[in-house]
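This briefing introduces a structure to a reader who has not met it before. It covers salt bridges and the packing of helices, in that order.

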Amino acid sequence: MSDEETQEQQQPDEQELRRRVEEQLRTIRVQDLLLESVVSLINLTARRIAKEDERDLEQARVGIEAVRAVVDLLDDEQAKQVRAALSEVQMLYARQAPGAPGEPQGGAEAPPGRAEAPPQEGTRGGRSRLWTPPGTSPPR
C-alpha cells in the first residue's frame, strides 16, 4: 500500500466530517461558545490598546462594551474571571485614552518623572482599579 492510499484511508470523508460536526453541535453549550468569543474579544481589545502600530481606541471601546454587555450571561466562575481580565483591559484603555489621568493634555510631553510605565499583565498598581470613562476624574 502506498503512502497516498494510507492517507486517503485515514482522512475522513465529507459524511464523516459532517457527523463529527453534528456531534459537537449536540454537546456544546451556548455559554461555552460565548466564553470563547469573549476571550477572543478581550485579547483583541488589549492588542488594539497595547500595540502602538495597531492602536485603535475606538475599536477597543467597542470591545470593552461588548464584553460588558454579555459577561452576565456566563457561568458565575467564568464571569468572575472575565470581569478580572476586563478590569485590566479597562485600565489599559483609561491610560491610553485622551484625557486619561496621568496623560499629557493637548499632545504635550509629560514632565520628567511623571510618565507612567505601561501596565504589566497581572500586576497591580497603586491606583484605583475602577474604570472611569475618558475625560472624567478618577474617584478620590
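**Salt bridges and helix packing**

Arg61 and Glu58 lie 3 residues apart in helix H4, and so about one helical turn separates them. Their side chains form a salt bridge in which the closest N and O atoms are 2.6 Å apart. The model described here is predicted, and it holds 11 salt bridges. The points below take up some of these salt bridges and then turn to two contacts made by helix H5, one with H4 and one with H3.

**The salt bridge in helix H4**

- Arg61 counts as partly exposed, because its relative accessibility of 35% falls between the limits of 20% for buried and 50% for exposed.
- Glu58, the partner of Arg61 in this salt bridge, is likewise partly exposed, at 44% relative accessibility.
- Arg61 is also one of the H4 residues that meet helix H5.

**Salt bridges in helix H2**

- Helix H2 spans residues 14-27, and within it Arg20 and Glu16 are 4 residues apart, which means that about one helical turn lies between them.
- The side chains of Arg20 and Glu16 meet in a salt bridge, with an N to O distance of 3.2 Å.
- Arg20 has a relative accessible area of 42% and is partly exposed; Glu16 is partly exposed as well, with a value of 24%.
- A network of salt bridges links Glu16 and Arg20 together with Arg19.
- A further salt bridge joins the side chains of Arg26 and Glu23, at 3.3 Å from N to O.
- Arg26 and Glu23 both belong to helix H2, where they are 3 residues apart, about one turn of the helix.
- Arg26 counts as exposed because its relative accessibility, 57%, is over 50%.
- Glu23, in contrast, is partly exposed, with a relative accessible area of 36%.

**Helix H4 against helix H5**

- Helix H4 covers residues 57-70 and helix H5 covers residues 76-96; their axes come within 11 Å and cross at roughly 155°.
- Angles over 145 degrees count as roughly antiparallel, and H4 is therefore roughly antiparallel to H5.
- The crossing of H4 with H5 is left-handed.
- On the H4 side, the contact is made by Leu57, Ala60, Arg61, Ile64, Val67 and Arg68.
- On the H5 side, the residues are Val82, Leu86, Val89, Gln90, Tyr93 and Gln96.
- The residues of this contact comprise 8 nonpolar, 2 polar and 2 charged.

**Helix H3 against helix H5**

- Helix H3, residues 30-50, packs with H5 at an angle of about 15°, and the two axes are 10 Å apart.
- Angles under 35 degrees count as roughly parallel, and H3 is therefore roughly parallel to H5.
- H3 also passes H5 in a left-handed crossing.
- Helix H3 contributes Leu35, Val38, Ile42, Thr45, Ala46 and Ile49 to the contact.
- Helix H5 contributes Gln78, Val82, Ala85, Leu86, Val89, Leu92, Tyr93 and Gln96.
- The residues of the contact of H3 with H5 divide into 11 nonpolar and 3 polar, with no charged residue.

**Residues of H5 that occur in both contacts**

- Val82, Leu86, Val89, Tyr93 and Gln96 of H5 meet residues of H4 and also meet residues of H3.

Technical notes: Residues numbered from 1 in each chain as written. Predicted model: local features only at pLDDT ≥ 70, side-chain atom pairs only at ≥ 80, totals over all residues. Heavy atoms only, no water. Axes fitted to C-alpha atoms, helices over the stretch in contact; angles between N-to-C directions. Parallel < 35°, antiparallel > 145°, perpendicular 65-115°, else oblique. Left-handed = near helix turned anticlockwise from the far one by under 90°. Contact = heavy atoms within 4.5 Å. Nonpolar A, V, L, I, M, F, W, Y, C, P; charged D, E, K, R; others polar. Salt bridge = Lys/Arg side-chain N within 4 Å of Asp/Glu carboxyl O. Buried < 20%, exposed > 50% of the residue type's maximum accessible area, 1.4 Å probe, protein only.
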